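Hi everyone, thanks for coming. I'd like to walk you through a chain that may be new to you, so have a look at it first.

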Amino acid sequence: MLKRTQLLCFLLLYTGYGIAQSSDILRAEYTVLPRNNSEVEIARYRFLVNVPIKLAEDKYLVTGADYNLIDFDGSRNYPFDASELNVLHIIDLNLGYIFKLNEQWRGVGIFTPRLASNFTDGIVGRDLKINLAATIWKEKKDVAKPFRIVLGLSYNSATGLPIPLPVVSYYKRFHEKWSYSLGIPKSSFRHHLTDRHMLQTALFLDGYFVNIQNDILLADNNLGSAISLSALVGVLGYQYNINKNMSFYTQAGFTITQRGLLRDDKRNNVFVLSDVGNFYFRTGFKISIF
């Protein structure tokens with residue numbers, strides 16, 4: 001029988017930059033890339049909740065929502081009206097189905113409609129994106145060296161790639177004080193000081209892709225129809241565990257690569273907003289199954 005604390009493993013998948021490999025029931029988070037040489041500061045406020053519903057023995061429906069508000073503050077003198085970029089929104093509605101394949105493996109299917117826009121004129125067709133995923137997972141917890149493996153494929157319409165992308169995540173606690181996770185888009189190495197205190201290093205992808213409803217006219221007569229950010233981030237982090245599933249956390253580091261762009265309606269790059277590595281800071285509270 002599936003334990004209730006395992007029900008949200010369906011979210012361990014590639015859903016695009018910044019929303020990936022989440023195993024949370026509840027999360028409230030603040031992330032900031034402070035102003036640097038590109039004269040851009042980006043802050044993101046994130047709120048997530050997921051609810052499992054038992055349909056039958058070893059069959060569950062999981063519903064949830066994930067909301068991101070992005071505050072784009074650019075003091076740079078752009079050659080266009082940047083007011084359309086000030087506040088961006090990403091809303092994901094998650095619908096997942098979990099079922100038992102055999103005694104060791106579980107199967108998961110996920111459908112995630114997404115609205116990503118500045119919403120200056122309500123909701124329009126271009127705001128809607130569809131994400132799909134199919135994964136299997138295996139986990140052993142009550143052994144000397146616990147491990148968890150997740151494998152599958154996902155399709156994310158925001159990436160601009162017309163093919164399914166791999167879902168890979170492998171976790172192992174190889175020592176009482178040490179564990180690691182390897183995967184796409186996040187890998188980490190952890191030192192468990194005590195049951196309550198944990199330090200980690202992590203390397204992961206972060207970013208967003210958001211529709212701009214009123215196209216931005218550029219000096220070369222191109223139109224900016226969307227804004228995107230992609231970043232490879234390295235951080236050091238600290239986590240305080242209130243109990244087994246509830247914790248506060250803080251991460252600080254640097255974007256090893258960073259690319260903020262305006263894109264036209266065919267996703268071509270038409271203007272570079274930022275391409276300089278930047279400090280990265282994240283803090284939050286979560287209730288998680290892992």
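**Starting from Leu-85**

Let's begin at Leu-85, which, setting aside neighbours within four places in sequence, is in contact with Phe-72, Phe-80, Ile-212, Ile-216, Ile-227, Leu-262 and Leu-273. Contact here is heavy atoms within 4.5 Å.

Before I go on, a word on the source: this is a predicted model, where local features need pLDDT of at least 70, side-chain atom pairs count only at pLDDT 80 or more, and totals for chains, interfaces and linings use all residues. Residues are numbered from 1 along each chain as its sequence is written, and side-chain values use heavy atoms, with hydrogens and water left out.

Back to Leu-85. It belongs to the residues with the most contacts inside the largest nonpolar core, which has 29 residues; the others are Phe-72, Phe-80, Tyr-208, Ile-227, Leu-262 and Leu-273. A nonpolar core is a set of buried Ala, Val, Leu, Ile, Met, Phe, Trp, Tyr and Cys residues joined through side-chain atoms within 4.5 Å, and buried is under 20% relative accessible area (1.4 Å probe, protein chains only). At least two residues of this core come from each of β2, β3 (59-74), β4 (87-100), β11 (197-217), β12 (223-241) and β14 (269-274). Which strand gives the most? That's β11, with 6 residues. There's also a second, separate core of 9 residues, and Tyr-60, Val-62, Val-108 and Ala-133 are among them.

Now the whole chain. It has 0 helices and 15 strands; these are DSSP runs, helices being H or I of at least four residues and strands E of at least two, numbered from the N terminus. Of its 290 residues, 48% count as buried. Among contacts with a separation of 6 or more, 58% link residues 24 or more positions apart.

On the outside, Ile-25, Leu-26, Val-49, Val-51, Ile-53, Leu-55 and Tyr-97 make a nonpolar patch. For a patch like this, residues need over 30% relative accessible area and no salt bridge, with nonpolar side chains (Val, Leu, Ile, Met, Phe, Trp, Tyr) joined within 5 Å. β2 (40-56) and β1 (24-33) each supply at least two of its residues, and the largest share, 4 residues, is from β2.

Last stop: Lys-286, in strand β15 (residues 279-288). Lys-286 is buried yet has no salt bridge (a side-chain nitrogen of Lys or Arg within 4 Å of a carboxyl oxygen of Asp or Glu). The nearest side chain of opposite charge, Asp-24, is 4.9 Å away.

How values were computed: Patch = residues over 30% accessible without salt bridge, like charges linked within 9 Å, V, L, I, M, F, W, Y side chains within 5 Å. Areas by Shrake-Rupley, 256 points an atom, 1.4 Å probe, with all protein chains shown as cover. Buried < 20%, exposed > 50% of the residue type's maximum accessible area, 1.4 Å probe, protein only. Lys, Arg positive; Asp, Glu negative; His and termini not counted.
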